[in-house]
Amino acid sequence: MVNPIVQRRTVDGLLQMIEKERHGEAVDRSLLKSLLRMLADIQMYEDAFESKFLEATDVLYSQEGNRYMQETDVPKYLAHVDKRLKEEMDRLIHYLDQSTRKPLILCVEKQLLGQHLTSILQKGFDNLMLSNRIADLALMYQLFGRVRKGMEELCAAFSGFIKKQGISIVLNPEKDKTMVQELLDFKEQLDTMIAEAFMKSEKFVNAMKESFESFINKRPNKPAELIAKFVDSKLRAGNKEATEEELERLLDRIMVIFRFIHGKDVYEAFYKKDLAKRLLVGKSASVDAEKSMLSKLKQECGAAFTSKLEGMFKDMELSKDVMVQFRQYLQHQSLPWNMDMVVSILTMGYWPTYLPMDVHLPTEMVHYQETFKKFYLAKHSGRKLQWQNTLGHCVVKADFSEVKKELQVSLFQTLVLLMFNEGNEYSLEDIKQATGVEDGELRRTLQSLACGKARVIKKRPQSKDIEDGDIFTFNKEFKHKLIRIKINQVQMKETPEENVNTTERVFQDRQYQIDAAIVRIMKTRKTLSHTLLVSELYTQLKFPVKPTDLKKRIESLIERDYMERDKEIANQYHYVA
């Protein structure tokens with residue numbers, strides 16, 4: 001076949017047959033195979049046919065790619081690309097020479113995928129993720145893996161999607177109540193996608209971790225606080241949502257989110273405050289679950305992080321032993337009242353800081369306290385006891401018109417209720433004077449008794465808030481299906497003041513830690529430039545801190561003569577021994 005006319009007609013005929021087949025028409029594949037085999041035998045396949053065939057393929061798929069990208073959505077386009085690749089592989093099996101395989105597939109991949117990577121991702125990736133289209137995402141992953149930079153672009157889009165969605169959850173204060181649950185659901189959805197669509201790719205796992213860490217720290221401190229409160233809601237008694245196994249799995253999932261947070265000291269402060277209430281008010285759902293959470297935190301953050309929390313559990317155990325001894329001691333004392341008292345002895349360094357609030361306790365309680373104090377100090381001389389009335393809670397027996405009930409109430413609620421043994425009607429001022437409870441705390445207490453679900457006292461005029469001049473009477477007609485009724489949930493609720501105090505304590509602790517780190521570094525290095533000092537501080541400190549805050553702490557230490565500026569070299573410091 002040296003005749004150029006015959007050669008050209010033969011090749012043109014072959015190309016026309018292949019083009020018809022590509023457009024869906026049936027052709028004689030055995031004839032194509034014979035002719036192409038013949039060209040290969042006389043060593044003209046590559047020069048006469050292959051270059052023209054690849055050129056025609058390039059033009060066809062270039063036009064088709066542009067047209068389809070405009071006309072169809074991304075799932076249909078991906079399905080079309082997959083179909084085209086399979087068709088070309090089929091042609092290679094049936095009649096094309098195997099030497100054409102690499103350039104042919106590269107040509108299809110380049111024109112249908114490589115040229116449109118960015119357009120495909122911009123047009124449809126976020127929608128596929130939002131709609132949880134696992135099969136389409138799996139196909140996208142498979143196809144993008146075939147082209148250069150395809151995987152990098154897909155991974156970058158995945159990371160961008162996570163950050164965008166995460167920021168919409170974390171930065172929106174309206175979502176604070178549901179933030180943690182939404183983050184857990186989002187993480188679970190991404191885990192499923194990575195496992196089922198992205199072949200458990202390490203690259204995508206790392207991208208997810210980096211993206212979570214990026215967006216969750218865009219709003220400092222709040223996510224840490226909300227995670228601590230979410231854990232509290234799950235570890236409280238009365239949380240009947242989950243079995244122990246489900247709770248354990250949930251705590252593991254929470255720990256994954258916790259890992260991404262930079263300001264873990266904020267989490268510790270709020271977790272500690274809530275744990276204290278659960279332990280002291282007897283609201284912990286399960287000691288096993290509490291200890292499991294503690295061991296997870298210890299594993300994640302080290303023993304120093306959990307030492308105070310472990311100390312709280314230790315105090316509760318020791319308090320039980322002390323109470324056994326106290327009850328034996330009481331058998332030899334003559335206390336005239338039919339009353340029992342349980343005391344928890346708290347080591348000041350382990351527990352959150354509580355402001356002591358002096359109130360007017362009944363004589364019986366004062367006598368009991370004095371008896372316990374005498375017993376305890378006889379065994380532990382040199383120690384000082386300070387009663388924390390805000391944490392006290394009682395069980396009070398109440399006689400209503402038709403029934404007798406037991407009310408589980410806070411100490412402040414008890415003081416209010418005991419007043420109704422002496423009289424029927426009191427004003428807000430009367431109660432304040434008689435109990436000595438601070439105004440804001442008293443209003444919260446009265447609100448829980450007169451405006452909550454279990455209204456054991458009545459107030460007039462009726463309203464949701466406690467106002468000056470309100471009058472309170474005992475509700476003799478009170479009815480409830482339970483014998484023992486819990487009304488002391490008010491103790492578990494966080495007040496705005498508590499929230500502010502907890503956050504302020506964290507910032508105070510951070511200042512101490514920054515000061516200590518600066519002194520430690522300067523003591524070792526003696527002389528250091530500002531840039532190097534700041535750089536070392538960032539490696540040592542375990543919480544996010546602004547350069548301006550570091551500068552303030554350095555200035556403070558210079559004022560207090562811990563270090564000094566170099567007299568000649570700007571931005572250089574010397575340690576002052």
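Which residue in β5 does Lys459 stand opposite? I looked it up in this predicted model. Lys459 stands opposite Phe472.

**Entry: β4 and β5.** I then checked the strands around that pair. β5 covers residues 471–474, and four bridges join β4 to β5. The two strands run antiparallel.

**Entry: the sheet.** I followed the pairing outward. Three strands make up an open sheet, and I read their order as β3-β5-β4. The pairing is antiparallel. Why does one side of β3 and of β4 lack a neighbour in the sheet? β3 (425–427) and β4 (457–460) stand at the edges, and each has a single partner strand, so one side of each is left without a neighbour. I also noted the twist: neighbouring strands of this sheet are turned by 25° against each other on average, with direction ignored.

**Entry: a helix on the sheet.** Next I looked at what packs on this sheet. Helix α18, residues 428–435, does so and touches β3 and β5. Its direction makes about 90° with that of β3.

**Entry: β7, β8 and β9.** I moved on along the chain. Strand β7 (residues 527–529) is joined to strand β9 (residues 572–575) by three bridges, and these two run antiparallel. Which residue of β9 is the bridge partner of Thr527? I found His574. Strand β8 (residues 563–565) also pairs with β9, over three bridges in the antiparallel sense. There I met His574 again, with Glu564 standing opposite.

**Entry: the hairpin.** Last, I read the link from β8 to β9. Six residues lie between the strands of this hairpin. In it, Asn571 takes a positive phi near 55°.

Conventions
Residues are numbered from 1 along each chain as its sequence is written. This is a predicted model: local features need pLDDT of at least 70, side-chain atom pairs count only at pLDDT 80 or more; totals for chains, interfaces and linings use all residues. Side-chain values use heavy atoms; hydrogens and water are left out. Two strands pair if DSSP finds at least two bridges between them. Axes are lines fitted to C-alpha atoms, for helices over the stretch in contact, and angles run from 0 to 180 degrees between N-to-C directions. Contact means heavy atoms within 4.5 Å.
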